[in-house]
Amino acid sequence: MNKYYVQSGDIKSVTHAKSDRDACFTLLDKHIRPGLEIGMSFVVSQRGFPLDRYPFEIDTTETIFSSEEILAEFHKL
């Protein structure tokens with residue numbers, strides 16, 4: 001399992017998962033509750049939280065998923 005840094009909206013978490021997509025599901029498992037503010041996307045990295053970098057930059061090893069896509073798949077699990 002790899003270590004991933006996952007951010008969406010006001011939530012961010014460091015987790016171990018099989019893939020970047022699974023890291024998003026793990027974040028939701030830990031934090032999902034009524035009224036949770038999820039951003040428009042999930043940003044996943046193995047190098048730290050990209051949205052906290054100054055200057056902000058995303059490189060080719062980092063992934064951005066649509067929240068709509070991740071939530072639809074999460075509810076199927």
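Let us start inside the fold, with cysteine 24: leaving aside residues up to four places away in sequence, cysteine 24 touches Val6, Phe42, Val44, Phe65 and Ile70, where contact means heavy atoms within 4.5 Å. Before going on, a word about what you are looking at: this is a predicted model, in which local features need pLDDT of at least 70 and side-chain atom pairs count only at pLDDT 80 or more, while totals for chains, interfaces and linings use all residues. Residues are numbered from 1 along each chain as its sequence is written, and side-chain values use heavy atoms, with hydrogens and water left out.

Cysteine 24 also leads us to the largest nonpolar core. This core has 15 residues, and Val6, Cys24, Phe42, Val44 and Ile70 touch the most other members. A nonpolar core here is a set of buried Ala, Val, Leu, Ile, Met, Phe, Trp, Tyr and Cys residues joined through side-chain atoms within 4.5 Å; buried means under 20% relative accessible area, exposed means over 50%, and partly exposed lies in between, using a 1.4 Å probe and protein chains only. Two or more residues of the core come from each of S1, strand S2 (11-17), helix H1 (20-31), S3 and helix H2 (67-76). Helix H1 gives the largest share, 5 residues. These element names follow DSSP runs numbered from the N terminus, with helices (H or I) of at least four residues and strands (E) of at least two.

Now to the strands. Strand S3 covers residues 41-45, and 4 of its 5 residues are buried, so S3 is largely enclosed by the rest of the structure. On one hand, S3 runs antiparallel to strand S1 (residues 2-8), joined by 3 bridges; two strands count as paired if DSSP finds at least two bridges between them. Within this pairing, tyrosine 5 has serine 45 of S3 as its bridge partner. On the other hand, S3 pairs with strand S4 (residues 63-66), again in the antiparallel sense, over 4 bridges. Here phenylalanine 42 stands opposite phenylalanine 65 in S4, and valine 43 has isoleucine 64 of S4 as its bridge partner.

Strand S4 has a pattern that is easy to follow by eye. Its side chains alternate: Thr63 and Phe65 point to one face and are buried, whereas Ile64 and Ser66 point to the other face and are not. Phe65 is one of the residues that cysteine 24 touches.

Let us return to tyrosine 5 and look at rings. The structure holds 2 aromatic pairs. One of them joins tyrosine 5 and phenylalanine 49 edge-to-face, at 5.2 Å centre to centre and with 85° between the planes. Rings of Phe, Tyr and Trp (its six-membered ring) pair if their centres lie within 6.5 Å; planes under 30 degrees apart count as stacked, over 60 as edge-to-face and the rest as tilted. Tyrosine 5 lies in strand S1 and phenylalanine 49 in the loop between S3 and S4, so the pair ties together parts that are 44 residues apart in sequence. Both tyrosine 5 and phenylalanine 49 are buried. Phenylalanine 49 has another partner too: lysine 12 lies over the face of its ring, at 4.9 Å from the ring centre. For a charge to sit over a ring, NZ of Lys or CZ of Arg must be within 6 Å of the ring centre and within 35 degrees of the ring normal.

Next come the charged pairs between the helices. Side chains of opposite charge can pair when their charged atoms come close. The structure holds 2 salt bridges, each defined by a side-chain nitrogen of Lys or Arg within 4 Å of a carboxyl oxygen of Asp or Glu. Arginine 21 and glutamate 69 meet in a salt bridge at 2.8 Å, N to O. This pair links distant parts of the chain, with arginine 21 in helix H1 and glutamate 69 in helix H2, 48 residues apart. Glutamate 73 also forms a salt bridge with arginine 21, its closest N and O atoms being 2.9 Å apart. Glutamate 73 is in helix H2 and arginine 21 in helix H1, 52 residues apart. Arg21, Glu69 and Glu73 are thus linked in a network of salt bridges. Arginine 21 is partly exposed at 26% relative accessibility, and glutamate 69 is partly exposed at 32%.

Finally, look just past helix H2, where leucine 77 has its place in the segment after the helix. At 72% relative accessibility, leucine 77 counts as exposed.
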